[in-house]
Amino acid sequence: MIIITGASDGLGLQVAKLYKEAGKKVINISRRKSEFTDSNILCDLSNEEEIKGAVSEILKMDEKIEAIINCAGVLSVQKLEKITGAEFDRLLSVNVKAAILLISNLIKKIKQDEADIVNVASSVGLKGYLDQAVYGASKWAMRGFSANLQLELKGTKSRVISFCPGGFKTKLFEKATGVDNTADGSEWMRAEDVALALKHTLDLPKNMEVSEIIINRKS
Ligand SMILES: NC(=O)c1ccc[n+]([C@@H]2O[C@H](COP(=O)([O-])OP(=O)(O)OC[C@H]3O[C@@H](n4cnc5c(N)ncnc54)[C@H](OP(=O)(O)O)[C@@H]3O)[C@@H](O)[C@H]2O)c1
């Protein structure tokens, strides 16, 4: 089975659709249901107890995990002088802590099943971005987690892919700012196409680990 966090919307939803079309069993972990999954584990990923509950449900399924795709995320756009501890905690808990706790709680099974891991970071995790100090910090941290996992899983069959796309059209920006940027005619990538790149990367032979993939919008 393929486990995807945040398969109820945006990139995760498109990745789930591709795996369903490929005949795979897909499990979504998010607060809302996904239309392209066999099973939805409803979970607020900012809550450690709920993550533990999600892990129990996965273990109960007693099925081989092929891949875990940590895709759930939230954006925050704010002036440097307006950053609050609450916003920092909210962002880091969903964008980084949840992925670390999920993998930590499942690591025995991940090794047993030789499961692959994809951590969705962002091209914002490779540079600075005005008004995105907190989001940027969370994405740099996600890349750091991937580097650490690659070391932890050295000598196993589990691949760890740090996936860093540039801007693509979803409701992520609108949820953070109230401004819908999906219909502005810009050259932002389509979530469907970014999903294809993610799945293609995982579809490569098991002895090929794309340790990091950076996808920029063509300028
Ligand atoms: N869009 C871009 O331009 C872009 C660029 C680079 C990287 N990324 C990254 O790509 C990933 C997907 O982004 P997207 O644009 O597809 O966003 P999206 O359309 O807003 O989808 C976000 C997903 O995360 C889940 N999520 C958010 N908060 C959650 C919580 N507290 N608990 C559980 N699930 C939660 C949402 O599910 P529920 O609401 O159902 O909980 C939803 O399925 C994110 O990590 C984002 O940072 C996006």
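Biologist: Which element gives the largest share of the shell around the ligand?

Modeller: In this predicted model, 28 residues surround the ligand, the closest being Gly6, Gly10, Arg31, Arg32 and Gly73. Two elements give two or more residues to that shell, namely helix H1 (10–21) and helix H5 (172–177). The largest share is three residues, and the element that gives them is H1.

Biologist: How do the residues of the shell around the ligand divide into nonpolar, polar and charged?

Modeller: The shell around the ligand holds 28 residues. Gly counts as polar here, and Gly6, Gly10 and Gly73 are among the closest residues. The full division is twelve nonpolar, ten polar and six charged.

Biologist: How far apart are the end C-alpha atoms of H1, and what span should its twelve residues have?

Modeller: The expected span is 1.5 Å times one less than the number of residues. For the twelve residues of H1, that rule gives 16 Å. The end C-alpha atoms agree with this expectation, as they are 17 Å apart.

Biologist: Which residues in H1 are buried?

Modeller: A residue is buried if 20 or more other C-beta atoms lie within 10 Å of its own. In H1, the residues that meet this condition are Gly10, Leu11, Gly12, Leu13, Gln14, Val15, Ala16 and Tyr19.

Biologist: What phi does Gly23 take?

Modeller: Gly23 lies just after H1. Its phi is positive, with a value of about 85°.

Biologist: Is H1 roughly parallel or oblique to H6?

Modeller: H1 and helix H6 (residues 191–203) pack with their axes 8 Å apart, at an angle of about 60°. That angle makes H1 oblique to H6. The crossing of H1 and H6 is right-handed. The term asked for is therefore oblique.

Biologist: Is H3 roughly parallel or oblique to H4?

Modeller: The axes of helix H3 (residues 85–113) and helix H4 (residues 133–152) are 9 Å apart, and the helices pack at an angle of about 15°. Angles under 35 degrees count as roughly parallel. H3 passes H4 in a right-handed crossing. The angle therefore makes H3, relative to H4, roughly parallel.

Biologist: Is Lys139 buried or exposed?

Modeller: Lys139 is found in helix H4. The limit for a buried residue is 20 or more other C-beta atoms within 10 Å. Because Lys139 has 26 such atoms around it, Lys139 is buried.

Biologist: How far apart in space are Lys139 and Ser123?

Modeller: In sequence, Lys139 and Ser123 are 16 residues apart. In space, C-alpha to C-alpha, the distance between Lys139 and Ser123 is 8.3 Å.

Technical notes
Residues numbered from 1 in each chain as written. Predicted model: local features only at pLDDT ≥ 70, side-chain atom pairs only at ≥ 80, totals over all residues. Near = placed C-beta within 6 Å. Helix = DSSP H or I, 4+ residues; strand = E, 2+ residues; numbered from the N terminus. Buried ≥ 20, exposed ≤ 12 C-beta atoms within 10 Å, placed from the backbone. Axes fitted to C-alpha atoms, helices over the stretch in contact; angles between N-to-C directions. Parallel < 35°, antiparallel > 145°, perpendicular 65-115°, else oblique. Left-handed = near helix turned anticlockwise from the far one by under 90°.
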